[in-house]
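Work through the exercises below with the model open. Try each task before reading its solution.

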Amino acid sequence: MTSHPTIAFFPEASFGAALNCVAIAQALERRGAAPVFVCHPGFTGVFADYGFKEVHLPGAGRNDEAADYWQAFIHRHLPHFDLSPQDQLSTYVGPTWEAIVDTAIAADASLEHALAQIRPDAIVLDNVIMFPAIAQAGCPWVRVISCAETEIPDDNVPPYLSGLSADDPKRDAFETAYRTATANAHRRNTEFRRKRGLPALPHGRFMEPSPTLNLILSPDAVRYARAQPLDALTHRYLQGCVREEAQFDQPLLPNHHGPLVYVSFGSLGAIDVALIDRMIRVFATVRARFVVNVGGFTEAYRNVPDNVVLGSWFPQPSIVARTDLFIHHGGNNSFCEALFFGVPSLILPYCWDGHDNALRAAQTGVGRAMNRSAWSNDELRGVIEGILADRGMRSRLATCAAAMRQNPGRETAAAAIMAVVSKDQTRVAAAREPSFAR
Amino acid sequence: MNGFLVKREAEGYFLSADLDADTGVMESKLDTSSVSLAEIILADRAARRLDDLPSVSFLIRRYNTTRAAVLNALTVLQHDGIIDRIPGQSWNFRPILDTPNAVADSHHFRLILEPAAILAPGFSLDLVKARQTRLNLQKSLTGRLGNAAFHKLDAEFHMLIAQSAGNRFARDSLLAHHRLRLITQKDFGTPEFRLRQAQDEHLAILDSLERRQFDVAAAQMTLHLRLSRNQRPDAANRGSPPMPNGNSNH
């Protein structure tokens with residue numbers, strides 16, 4: 001086996017996938033591998049700041065065009081985040097799948113070029129759609145499922161993005177509506193795959209399992225008992241996937257009393273400034289300290305209460321490790337980080353798998369779920385204070401965290417990827433040996 | 001300024017540490033909570049707790065202090081160019097590094113001026129302070145390095161460069177700006193790898209300056225500032241182009 005195998009990472013252009021891959025890359029690097037990140041435009045420098053080599057896909061336009069895009073995105077989609085998961089299918093999920101397919105088609109040729117340049121020993125793909133360039137790169141590829149476990153269907157698992165329980169009577173209707181909402185994107189992707197030599201996938205599906213290794217970010221505490229267990233040879237569950245981050249230097253607040261609460265709705269959730277500002281007014285009435293990630297929108301806030309500090313970015317694992325409550329959108333990375341550190345989650349989902357994780361947190365007693373915006377000040381305050389006082393939840397989480405920290409997901413992932421590389425290199429070497437058959 | 005900075009009339013703020021100073025004591029002074037009312041007001045402004053136009057009566061109530069104390073603090077801030085008096089009982093804050101856009105503007109300003117300050121005639125590195133700064137930078141690399149500790153050392157380094165500038169206007173502008181950064185810029189999330197890399201860049205710039213290779217040092221400063229530009233997108237979503245960001249960490 002090559003002593004320093006090159007592992008190419010291609011996370012989708014979202015912070016959850018990107019930082020999940022950073023955690024695995026950190027563990028791989030300690031095992032002697034050389035991680036290289038293939039970067040979407042806009043993520044330049046994100047991985048270099050963690051010490052990793054980057055190869056960049058071509059840019060997609062000017063900065064002002066991207067800013068205009070996001071203004072339009074906010075205007076168009078903010079109202080959709082208040083809709084039910086069912087109603088989001090046609091308004092948000094369908095259009096997002098269309099955009100994902102556009103991205104896959106646009107990126108595939110340059111991705112092929114980048115992989116030819118890197119010549120990796122294995123490729124780690126953390127995405128929700130397959131790229132033919134990866135399937136045809138001539139080396140093993142590893143799929144990371146960093147969304148909720150619902151992304152891999154099963155009769156005992158709720159439908160993906162539904163926020164429903166597995167046995168909900170509305171299940172069939174949701175699944176039918178999901179296939180309808182994604183039909184056009186699926187048809188376009190099927191055509192693209194056909195041209196690039198990949199077979200069609202079932203309706204509603206955009207990515208196949210890796211034939212070699214699939215890493216599922218789903219800790220024991222929230223895992224589903226599947227009707228058809230996944231093949232243990234090619235699937236590994238990860239007990240979270242938490243990266244090493246900068247220390248969190250906690251600022252001294254004018255009102256520095258009570259437990260510490262961290263609030264982050266991800267970069268997408270931060271665009272809803274009005275909602276976060278409404279929450280901050282409630283935080284002012286709770287005896288606790290609140291650290292609030294407002295993304296790039298700090299300028300929109302005024303008269304910040306004395307028990308609240310805002311920031312555009314925080315080293316999330318470092319701060320979650322020290323908090324008493326994590327209020328978030330149900331992104332799978334955030335949810336798993338809370339579990340890893342034994343911190344209760346209050347999930348206010350606005351889209352995608354946030355709905356699934358919100359339900360799962362409540363079902364398993366590791367957190368609570370609320371509608372993202374339909375609450376009174378008293379209700380939000382009551383839920384926060386209730387969770388902070390819930391010793392039973394804290395005890396369950398402590399047990400869960402201890403188990404996760406005994407077997408950290410990033411190490412499991414790194415060991416499994418190194419084994420894949422080793423096995424593949426053994427296979428290649430064997431194929432090259434001369435045959436002595438008569 | 002807690003003994004960390006001393007003010008020289010018409011020159012600006014300077015590091016008070018000399019070679020004999022105990023670095024640990026200096027750091028503890030930096031961390032002390034016994035800060036002046038002017039600093040508290042500025043910190044509250046940076047945390048967006050105060051409006052653009054705070055009235056004296058509001059500040060008296062907020063800080064439970066006397067009118068004289070508030071006026072004294074505002075005068076200090078006015079003298080430092082942080083706040084202006086406007087007709088009536090109000091004061092108007094000038095720009096500080098309290099938002100990502102303001103930090104991006106600061107980065108652009110420094111990218112223009114800091115390399116130019118090194119190249120301008122008369123640049124003369126204070127070798128005594130440079131030695132202390134070098135020791136502090138090296139010491140920071142011996143253990144874990146957090147953002148708060150880095151922020152102070154970063155300010156110390158860049159103020160040393162500013163203080164050594166031969167052009168008096170570049171010197172004054174940069175010193176005032178670095179002081180503003182030291183007090184009002186808060187960055188919590190730069191990965192430790194980048195913090196260490198930046199400290200190495202600081203040391204390499206010092207090497208060049210001590211060899212009097214000013215053109216090399218200016219180029220290194222440009223590179224250092226460009227690498228320090230935080231390019232994390234402000235928003236990212238699957239299927240969507242990331243929304244760019246223009247912040248600088250250090």
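Two exercises follow, each with a worked solution.

This is a predicted model: local features need pLDDT of at least 70, side-chain atom pairs count only at pLDDT 80 or more, and totals for chains, interfaces and linings use all residues. Residues are numbered from 1 along each chain as its sequence is written, chains are lettered from A and ligands numbered from 1 in the order written, and side-chain values use heavy atoms, without hydrogens and water.

**Exercise 1.** Describe the overall build of chain A.

Solution.
- Count the elements: chain A holds 14 helices and 13 strands. These are DSSP runs (helices H or I, at least four residues; strands E, at least two).
- Check the radius of gyration: at 22 Å it is close to the 22 Å from the globule rule for 438 residues, so chain A is as compact as a globular protein of that length. The radius is taken over C-alpha atoms; the rule is 2.2 Å times the number of residues to the power 0.38.
- Take the extents: the C-alpha trace spans about 85 × 50 × 45 Å along its principal axes.
- Assess burial: 59% of the 438 residues in chain A are buried (under 20% relative accessible area, 1.4 Å probe, protein chains only).

**Exercise 2.** Place His151(B) and list its partners.

Solution.
- Locate the residue: His151(B) sits in helix α7, residues 147-163 of chain B.
- Classify it: His151(B) counts as buried, because its relative accessibility is 15%.
- Find the polar link: its side chain reaches the backbone oxygen of Arg181(B) at 3.1 Å.
- List the contacts (heavy atoms within 4.5 Å): leaving out residues up to four places away in sequence, His151(B) touches Arg181(B), Leu182(B) and Gln185(B).

Key:
Buried means under 20% relative accessible area, exposed over 50%, partly exposed in between (1.4 Å probe, protein chains only).
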